[in-house]
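Please open the structure in your viewer and keep the selection tool at hand. This tour moves from one selection to the next and tells you what is there.

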Amino acid sequence: MKIVNSPPEMKNLSLTAQSGGSTVGLVPTMGALHEGHLSLLKLACQYCDFLVMSIFVNPAQFGPAEDLAKYPRPFERDCELAAAAGCDCLFVPQPQDMYPENYSTYVNVENISDTLCGASRPAHFRGVTTVVLKLFNIVSPQIAVFGQKDVQQLVVIKRMCQDLNLSVKILTAPIIREESGLAMSSRNVYLSEKERRESSVIYKSLMAAQELYESGERSGEAIRRRVRSIIDKSDTVRPEYVEVVDTARLKSVDKIDRKVIAALACRTSESGTRLIDNIILGGDL
Ligand code: AMP
């Protein structure tokens with residue numbers, strides 16, 4: 001597996017691979033790899049023959065009071081895991097090469113970037129779409145894989161691709177979970193033992209939402225209430241939002257008459273870790 005730091009070198013490598021007839025795939029990450037990330041690589045492997053994973057802890061998507069400095073960066077372990085999962089090239093740009101002095105250009109997907117997680121993380125999705133478009137321009141992938149775990153990110157990126165006529169095909173990978181049901185996340189390392197145990201309440205609440213939906217309930221409010229009532233049993237996991245939204249505009253739905261996303265964000269009381277999760281009711285994304 002090749003490791004590349006320089007954006008121009010990455011661009012050359014990708015263009016050379018493509019002119020040799022290869023299909024280039026990209027899996028963007030912030031590193032601290034876990035089974036969730038590796039499942040994205042496995043999915044991408046099926047559709048491309050030159051597989052790039054980027055590892056970049058993107059400063060533009062962190063708020064001033066967020067965990068940019070302490071975000072885990074176990075680089076050597078990441079290299080081993082990525083290589084073992086079939087990655088051909090790890091692209092690891094440096095912040096000063098992605099955002100040099102006088103950097104001034106940002107991409108903002110309006111309307112759907114300021115709801116859900118965007119409500120408490122105002123510049124987050126602007127940072128995400130900016131870096132993802134930059135990565136697309138550097139790597140020129142024909143396919144890119146994102147996880148359903150970050151469902152708003154996925155919807156926002158798909159919107160950007162459509163709105164800006166990008167030709168990259170976006171593939172979605174399902175959420176990989178711990179045995180307890182907790183969605184895998186690089187931030188789970190922040191959790192205390194008690195928080196990790198109690199965080200399983202999040203998936204339980206989403207399973208209850210699914211059961212309610214399958215029993216015929218079509219009121220968004222009833223489903224939101226059920227999810228909250230289960231999370232409220234834990235004094236360690238506190239909901240920031242619980243929403244049932246449509247899959248295109250991410251607007252709250254009262255009467256469910258098409259597939260919807262039941263999405264939530266919680267914060268744990270001891271370490272203050274923010275956890276997100278979601279489930280699609282009535283279909284796939
Ligand atoms: P991150 O490194 O957290 O920015 O995530 C990089 C990519 O991995 C994103 O597309 C995420 O949605 C995806 N991802 C993160 N956690 C999981 C998970 N538990 N299951 C599936 N995909 C995931």
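Select Leu171, which counts as buried because its relative accessibility is 11%, under the cut-off of 20%; the model you are viewing is a predicted one. Leu171 lies in strand E6, and, once its neighbours within four places in sequence are left aside, Leu171 is in contact with Leu43, Tyr47, Ile143, Ala144, Val145 and Phe146. If you now add Phe62 to the selection, you can compare two kinds of separation, for Leu171 and Phe62 are 109 residues apart in sequence and 25 Å apart in space, from C-alpha to C-alpha.

Next, select residues 35-45, which form helix H2. How many of the 11 residues of H2 are buried? The count is 8, and the helix is therefore described as mostly covered. Colour these buried residues, which are Gly36, His37, Leu38, Ser39, Leu40, Leu41, Leu43 and Ala44, and keep in mind a general point about α-helices: with 3.6 residues a turn, residues three or four places apart point the same way. The elements against which the buried residues of H2 pack are strand E2 (24-29), strand E3 (50-55), helix H3 (75-84), strand E5 (143-147) and strand E6 (169-173), and the last of these is the strand that holds Leu171.

His37 leads on to the ligand, as His37 is among the closest of the 16 residues that surround the ligand, together with Gly147, Asp150, Ile176 and Met184. Display the ligand with its atoms coloured by element, and look at three places where a backbone atom of the protein comes up to it. A polar backbone atom of Met30 is 2.9 Å from an oxygen atom of the ligand, and a backbone N or O atom of Gly147 also lies 2.9 Å from a ligand oxygen. At Met184, by contrast, the ligand atom is a nitrogen, found 2.9 Å from a polar backbone atom of that residue.

Now turn to the second largest pocket, which holds about 240 Å³ of space. Of the 15 residues that line this pocket, select the ones closest to its centre, namely Ile55, Phe56, Val57, Arg73 and Val92. Sorted by class, the lining consists of 11 nonpolar, 2 polar and 2 charged residues.

Move on to Thr130, which is found in helix H6 and is buried, because its relative accessible area is 2%, under the 20% cut-off. Where does the side chain of Thr130 reach? Draw a distance from this side chain to the backbone oxygen of Arg126, and you should find 2.6 Å. Beyond the neighbours within four places in sequence, Thr130 is in contact with Tyr99, Tyr103, Thr105, Tyr106 and Val107.

The last stops concern the backbone angle phi, which is negative in most residues other than glycine. Select Ser140, in the loop between helix H6 (124-139) and E5, where phi is near 45 degrees and thus positive in a residue that is not glycine. Then select Leu250, in the loop between strand E7 (237-246) and strand E8 (260-268), where phi is near 55 degrees, again a positive value in a residue other than glycine. Is each of these residues buried or partly exposed? Ser140 is partly exposed, with a relative accessible area of 22%, whereas Leu250 counts as buried, at 3% relative accessibility.

Methods:
Residues numbered from 1 in each chain as written. Predicted model: local features only at pLDDT ≥ 70, side-chain atom pairs only at ≥ 80, totals over all residues. Heavy atoms only, no water. 1 Å grid on protein atoms, 1.4 Å probe; cavity = no way out; pocket = protein on both sides within 12 Å on 5 of 7 lines; lining within 4 Å. Points joined across faces, edges and corners; volume = space filled by probe spheres on them. Nonpolar A, V, L, I, M, F, W, Y, C, P; charged D, E, K, R; others polar. Buried < 20%, exposed > 50% of the residue type's maximum accessible area, 1.4 Å probe, protein only. Helix = DSSP H or I, 4+ residues; strand = E, 2+ residues; numbered from the N terminus. Contact = heavy atoms within 4.5 Å. Near = heavy atom within 4 Å. Polar contact = N/O pair within 3.5 Å; in protein donor to acceptor, adjacent residues only side chain to side chain.
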